[in-house]
Amino acid sequence: MTDNASQSVSLSHINQKGEANMVDVTEKALTSRTATAQGRITMSEATLTLITQGENKKGDVFSVARIAGIQAAKKCSDLIPLCHPLMLTKVKVDFDIDEQNNQVIVNSLCRLTGQTGVEMEALTAVSVACLTLFDMCKAADPFMEIHGIKVLTKEGGKSGSWEAKAEIANQTAKQDNL
């Protein structure tokens with residue numbers, strides 16, 4: 001986020017009358033845009049072992065969740081009312097196993113050349129991949145928790161690049177100066 005953006009916050013999807021409004025991106029330049037997102041699903045140790053060893057009765061949990069996440073990113077505008085339909089050129093969904101905390105970390109990357117960003121698509125990919133992991137494993141562990149879904153990075157467009165860690169550090173520094 002740039003300094004200007006953090007100083008003047010406005011809601012772009014609200015018109016002058018306070019009504020929901022799809023932003024007009026007609027005049028925006030085509031630029032390369034990328035966003036990454038992450039989420040986590042925590043489960044019992046037994047469930048994590050079950051899926052990492054490929055012994056879930058429903059099959060390859062990670063392949064199904066990966067395809068679901070990719071498909072969800074492509075359908076984001078069907079799910080989020082004011083999102084623009086986008087021609088994504090790359091969607092990637094990966095999984096990291098955190099055995100110490102009995103969780104699967106889901107990461108996504110979305111990319112295109114277009115007139116609007118892909119943060120919502122990256123978040124949707126992570127969200128649906130986490131939901132699919134839950135669905136595939138709920139018989140073994142109905143107490144799983146999905147948490148920490150967030151945008152990690154954003155590149156391209158008018159506001160340029162942004163990284164979650166850098167923004168958190170900037171916010172902490174501002175609060176320390178108050």
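This report describes the helix packing, the nonpolar core and the salt bridges of a predicted model.

**Packing of α3 and α5**

Helix α3, spanning residues 61–74, packs against helix α5, spanning residues 119–137, at an angle of about 145°, and the axes of the two helices lie 7 Å apart. The crossing that α3 and α5 make is right-handed. On the α3 side the contact is made by Val61, Phe62, Val64, Ala65, Ala68, Gly69, Ala72 and Ala73, while α5 contributes Glu121, Thr124, Ala125, Val128, Ala129, Thr132, Leu133, Met136 and Cys137. Sorted by class, the residues in this contact are 13 nonpolar, 3 polar and 1 charged.

**The largest nonpolar core**

The largest nonpolar core holds 30 residues, of which Ile51, Phe95, Val104, Val106 and Leu133 touch the most other members. At least two residues of this core come from each of β1 (31–42), α2 (45–52), α3, β2 (90–98), β3 (103–114) and α5, and it is α5 that gives the most, with 9 residues. Leu133, listed above among the α5 residues in contact with α3, is thus also named among the core members that touch the most others.

The surroundings of Val104 can be given in detail. Leaving aside residues up to four places away in sequence, Val104 touches Gly39, Arg40, Ile41, Met43, Leu48, Ile51, Phe62, Phe95, Asp96, Ile97 and Leu133. Among these neighbours, Ile51, Phe95 and Leu133 also appear with Val104 in the group of core residues that touch the most other members.

**Salt bridges**

A search of the whole structure finds 3 salt bridges, which are set out below with the N to O separation of each pair.

| Acidic residue | Basic residue | N to O separation |
|---|---|---|
| Asp78 | Lys75 | 3.7 Å |
| Asp94 | Lys92 | 3.6 Å |
| Asp135 | Lys138 | 2.6 Å |

The accessibility of the paired residues can be described bridge by bridge. In the pair of Lys75 and Asp78, Lys75 is partly exposed, with a relative accessible area of 43%, whereas Asp78 is exposed, with a relative accessible area of 58%, a value that lies over the 50% cut-off for exposed residues. In the pair of Asp94 and Lys92, Asp94 is partly exposed at a relative accessible area of 30%, and Lys92 is partly exposed at 40%. In the remaining pair, Asp135 counts as partly exposed at 35% relative accessibility, and Lys138 counts as partly exposed at 39%.

Key. Residues numbered from 1 in each chain as written. Predicted model: local features only at pLDDT ≥ 70, side-chain atom pairs only at ≥ 80, totals over all residues. Heavy atoms only, no water. Salt bridge = Lys/Arg side-chain N within 4 Å of Asp/Glu carboxyl O. Buried < 20%, exposed > 50% of the residue type's maximum accessible area, 1.4 Å probe, protein only. Axes fitted to C-alpha atoms, helices over the stretch in contact; angles between N-to-C directions. Helix = DSSP H or I, 4+ residues; strand = E, 2+ residues; numbered from the N terminus. Left-handed = near helix turned anticlockwise from the far one by under 90°. Contact = heavy atoms within 4.5 Å. Nonpolar A, V, L, I, M, F, W, Y, C, P; charged D, E, K, R; others polar. Core = buried A, V, L, I, M, F, W, Y, C linked by side-chain atoms within 4.5 Å.
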